[in-house]
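Visitor: I'd like to go through this one label by label. Could you show me the structure and let me ask what stands behind each term?

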Amino acid sequence: MSLPTTPLPDPSSYPPPDPPTILPLDPPEDTSDGTDNSTRPRPPYVPFLSHAPPPPDSWIQVETTPTEYRLHVRLPGFSREGITLATKRRRILHVVADRWGEGGGHFERRISFGYDADLVHVRAEFDGVMLKIIIPRRASPVMWSAPRLAPFGRV
């Protein structure tokens, strides 16, 4: 008895993951007249954030290797306690840094990743100027197994 065989799809036929993309910042809300014109309510933490611009020499760079994504974020004048990393929908990494002394400063970027980024296992280190973030890359989301030759329970 011959079992029908179906060819396995070629793994290279799946689209490659999207490259990391630095998303645009949300436009600032105009509250100069004291009214909030946005359609969604403001989060309760917004008044406590520093609204000073980021230092002119702060920047972010994304590097891609076969096994991981590396983000290099220059944050001069910020402290470790003022830096927050958060993930959203396991596809977006949110990097926020605030400082309250010396005129303040606020740095905020959102980076969108493809399906291969493992945002559950993010690692980061900060040396006082450079924040280095490592995001491991998962193997292909398609798992192949060997075809069964006979149904279970039959010899």
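Guide: What follows is a set of short exchanges that hold each label up against its cut-off.

Visitor: Before the labels, what kind of model is this, and what does the protein have in the way of helices and strands?

Guide: It's a predicted model. The protein has zero helices and eight strands, so read from the N terminus the elements simply go β-β-β-β-β-β-β-β. Of its 155 residues, 30% count as buried. The accessible surface comes to about 11300 Å², with 57% of that belonging to carbon and sulfur atoms.

Visitor: What makes S3 and S8 a pair?

Guide: Two strands pair if there are at least two bridges between them, and here seven bridges join strand S3 (residues 68–74) to S8. The cut-off is met, so S3 and S8 count as paired. They run antiparallel, and one facing couple is Arg-74 with Met-130 of S8.

Visitor: How do you know that S7 pairs with S8?

Guide: By the rule of at least two bridges: four bridges join strand S7 (residues 123–126) to S8, again antiparallel. So S7 and S8 pass as a pair too. Arg-123 has Ile-134 as its bridge partner in S8, and Glu-125 stands opposite Lys-132. In the hairpin of S7 and S8 there are three residues between the strands, and Gly-128 takes a positive phi near 105° there.

Visitor: Why are S2 and S7 called edge strands?

Guide: Look at the strand order in the open sheet of four: S2-S3-S8-S7, with antiparallel pairing. Strand S2 (59–64) and S7 each pair on one side only, and that's what earns them the name. Neighbouring strands of this sheet are turned by 15° against each other on average, direction ignored.

Visitor: Why is S8 described as mostly covered?

Guide: A residue is buried under 20% relative accessible area. In strand S8 (residues 130–136), six of the seven residues are buried.

Visitor: What makes the largest nonpolar core a core, and which residues have the most contacts inside it?

Guide: The members have to be buried nonpolar residues joined through side-chain atoms within 4.5 Å. The largest such set has 19 residues, and those with the most contacts inside it are Leu-75, Phe-113 and Ile-135. S3, strand S5 (92–99), strand S6 (105–112) and S8 each give two or more residues to this core. As a general tendency, nonpolar side chains in soluble globular proteins are buried together.

Visitor: Which residues are in contact with Ile-135, leaving aside its neighbours within four places in sequence?

Guide: Contact takes heavy atoms within 4.5 Å. Among the partners of Ile-135 are Tyr-69, Leu-71, Leu-93, Phe-113 and Val-122. For the whole protein, among contacts between residues at least 6 apart in sequence, 56% join residues at least 24 apart.

Visitor: Why is the meeting of Arg-91 and Asp-18 called a salt bridge?

Guide: The N to O distance is 3.9 Å, and the cut-off is within 4 Å, so the pair qualifies. Arg-91 lies in the loop between strand S4 (83–88) and S5, while Asp-18 is in the segment before strand S1 (21–23), so the pair ties together parts that are 73 residues apart in sequence.

Visitor: Are those two buried or partly exposed, and how do you know?

Guide: Partly exposed is the range between 20% and 50%. Arg-91 has 34% relative accessibility and Asp-18 has 47%, so both land in that range.

Visitor: What makes Asp-116 and Arg-137 a salt bridge, and how are they classed for accessibility?

Guide: Their closest N and O atoms are 2.6 Å apart, which is within 4 Å, so the label holds. Asp-116 sits in the loop between S6 and S7 and Arg-137 in the segment after S8, 21 residues apart. At 4% relative accessibility Asp-116 is under 20%, so it counts as buried. Arg-137, at 25%, is partly exposed.

Visitor: And what makes Glu-63, Glu-68 and Arg-70 a network?

Guide: The three are linked by salt bridges. For Arg-70 and Glu-63 the closest N and O atoms are 3.2 Å apart, so that pair is within the 4 Å cut-off. Arg-70 has a relative accessible area of 28% and Glu-63 has 30%, so both are partly exposed. A search of the whole structure finds six salt bridges.

Definitions and conventions
Residues are numbered from 1 along each chain as its sequence is written. This is a predicted model: local features need pLDDT of at least 70, side-chain atom pairs count only at pLDDT 80 or more; totals for chains, interfaces and linings use all residues. Side-chain values use heavy atoms; hydrogens and water are left out. Buried means under 20% relative accessible area, exposed over 50%, partly exposed in between (1.4 Å probe, protein chains only). Axes are lines fitted to C-alpha atoms, for helices over the stretch in contact, and angles run from 0 to 180 degrees between N-to-C directions. Accessible areas come from the Shrake-Rupley method with a 1.4 Å probe; for residues, only the protein chains shown count as cover. A salt bridge is a side-chain nitrogen of Lys or Arg within 4 Å of a carboxyl oxygen of Asp or Glu.
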